[in-house]
Amino acid sequence: METFLYYRKKEGLSSMTKSLTGFVHRISEQGLNVLSARVLQNGTVLAQWDLTRDERRLQHSVSKSFTCMAVGLAIAENKLSLETKLKDFFPQYAQETDDPALRPGELTLYNLLRMSSGHDAPPLWADERASLQEKDWVKYYMSLPLDRIPGETFTYSSGDTFVISALVQAAVGQTVRDYLTPRLFEPLGIHDVTWETSPLGVTLGCAGLSISNEELSRFGQMLLQKGSWQGQQLVPADWIDFVTRKHIDNQGSADWSQGYGCQFWMCTHEAYRADGAHGQLCVVIPGKNAVIAVNSEEDDIQGILDAVWAEILPLL
């Protein structure tokens, strides 16, 4: 099986090692538990490093960015729109409130994509999912009152992304995993994908996708190429442009203060990223025509990004 769009040449091995030497030294010195790194530039694998070996690992919230691709495809097929409301596909769960602006059924797909659903305490975090008695998580989500008018304030919410996955499934008649398999995964050479589901079989969407770091780097290269892969347009280019730019402000510091797109984080250095807990990262730097993919078991994600900016970016 072809493992990448391009093959590495023997004469490139020394440069691949050299370009990650500083990065590996820095993460080792700081005790950052990075497991795998890939650097792509100009459509070529510039560098790769694995602590042991690259293998499929949970990508945690990087999964959200894959779910976002399913949304773009469903919109292109006229099965959803940014103004689709939860009540359009789940009218049985729509509840009346004194203030119509605070009705969960009125939430739009766009509200969910940019995580502005109006919850102070976002539903369906991992701990809550593990203990929730209600098996229909959409019903549970839509039973919760909103705390503020949607669309105004960013609050990071895995529940928002799960409901996006459920919306896609309701619109296209397939789970997000099954929908993406022939449209995205297989063209990228990512076969036999596993993705966790809800008790009712809805692709988790917000987390639960397991792929390798090299497979993640292919996803990043596809994003960099505006949805194109080996001459085939997998995802509409205008959708990639739309979701990977800033849509809402967020509070934080350094790379957590640059704003949020639609299931993507904005970065310093005019980059953007898919970002998962414990240091799963797919950083796209259009100005350098580069992709950096990292898999880790490390909670200091900013420390990993700092190492990327200090040790890899200057070599691009």
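A residue counts as buried when its relative accessible area is under 20%, as exposed over 50% and as partly exposed in between (1.4 Å probe, protein chains only). By that rule, D275 is buried because its relative accessibility is 6%. The model you are looking at is predicted, so local features need pLDDT of at least 70 and side-chain atom pairs count only at pLDDT 80 or more, while totals for chains, interfaces and linings use all residues. Residues are numbered from 1 along each chain as its sequence is written, and side-chain values use heavy atoms, with hydrogens and water left out. Helices (H or I, at least four residues) and strands (E, at least two) are DSSP runs, numbered from the N terminus.

**D275 and its surroundings**

- You will find D275 in strand 9, which covers residues 272–276.
- Leaving aside residues up to four places away in sequence, D275 touches S61, V62, W256, W265, Q280, L281 and I301, where contact means heavy atoms within 4.5 Å.
- The D275 side chain also makes a polar contact with the side chain of R273, at 2.7 Å. A polar contact is a pair of N or O atoms within 3.5 Å; within protein, one must be able to donate a hydrogen and the other to accept it, and residues adjacent in sequence count only if both atoms are side-chain atoms.
- From C-alpha to C-alpha, D275 and S65 are 8.4 Å apart in space, although 210 residues separate them in sequence.

**Helix 2 and its crossing with helix 8**

- Helix 2 has 15 residues and spans 22 Å from its first C-alpha to its last, close to the expected 21 Å. The expected span is 1.5 Å times one less than the number of residues.
- Of the 15 residues in helix 2, 13 are buried.
- The axes of helix 2 (residues 62–76) and helix 8 (residues 176–185) come within 10 Å and cross at roughly 80°. Axes here are lines fitted to C-alpha atoms, for helices over the stretch in contact, and angles run from 0 to 180 degrees between N-to-C directions.
- That crossing makes helix 2 roughly perpendicular to helix 8; the classes are roughly parallel under 35 degrees, roughly antiparallel over 145, roughly perpendicular from 65 to 115, and oblique for the rest.
- Helix 2 contributes F66, T67, M69, A70, L73 and A74 to the contact, and helix 8 contributes V176, Y179, L180, R183, L184 and F185.
- These contact residues divide into ten nonpolar, one polar and one charged.  Ala, Val, Leu, Ile, Met, Phe, Trp, Tyr, Cys and Pro count as nonpolar, Asp, Glu, Lys and Arg as charged, and the others, Gly among them, as polar.
- Just after helix 2, N78 has a positive phi of about 60°.

**Helices 7 and 9**

- Helix 7 (residues 158–172) is mostly covered, with 13 of its 15 residues buried.
- At the start of helix 7, a side-chain oxygen of S157 comes to within 3.4 Å of the backbone nitrogen of G159.
- G173 follows helix 7 and has a positive phi, near 80°.
- In helix 9 (residues 213–224), twelve of the twelve residues are buried, among them E214, R218 and F219.
- K226, just after helix 9, takes a positive phi of about 55°.

**Positive phi in loops**

- Most residues other than glycine have a negative phi.
- Q263 is not a glycine, yet its phi is positive, about 70°. Q263 sits in the loop between helix 10 (237–243) and strand 8 (265–266), and its 3% relative accessibility makes it buried.
- N289, in the loop between strand 10 (280–285) and strand 11 (290–296), has a positive phi near 50°. At 32% relative accessibility, N289 counts as partly exposed.
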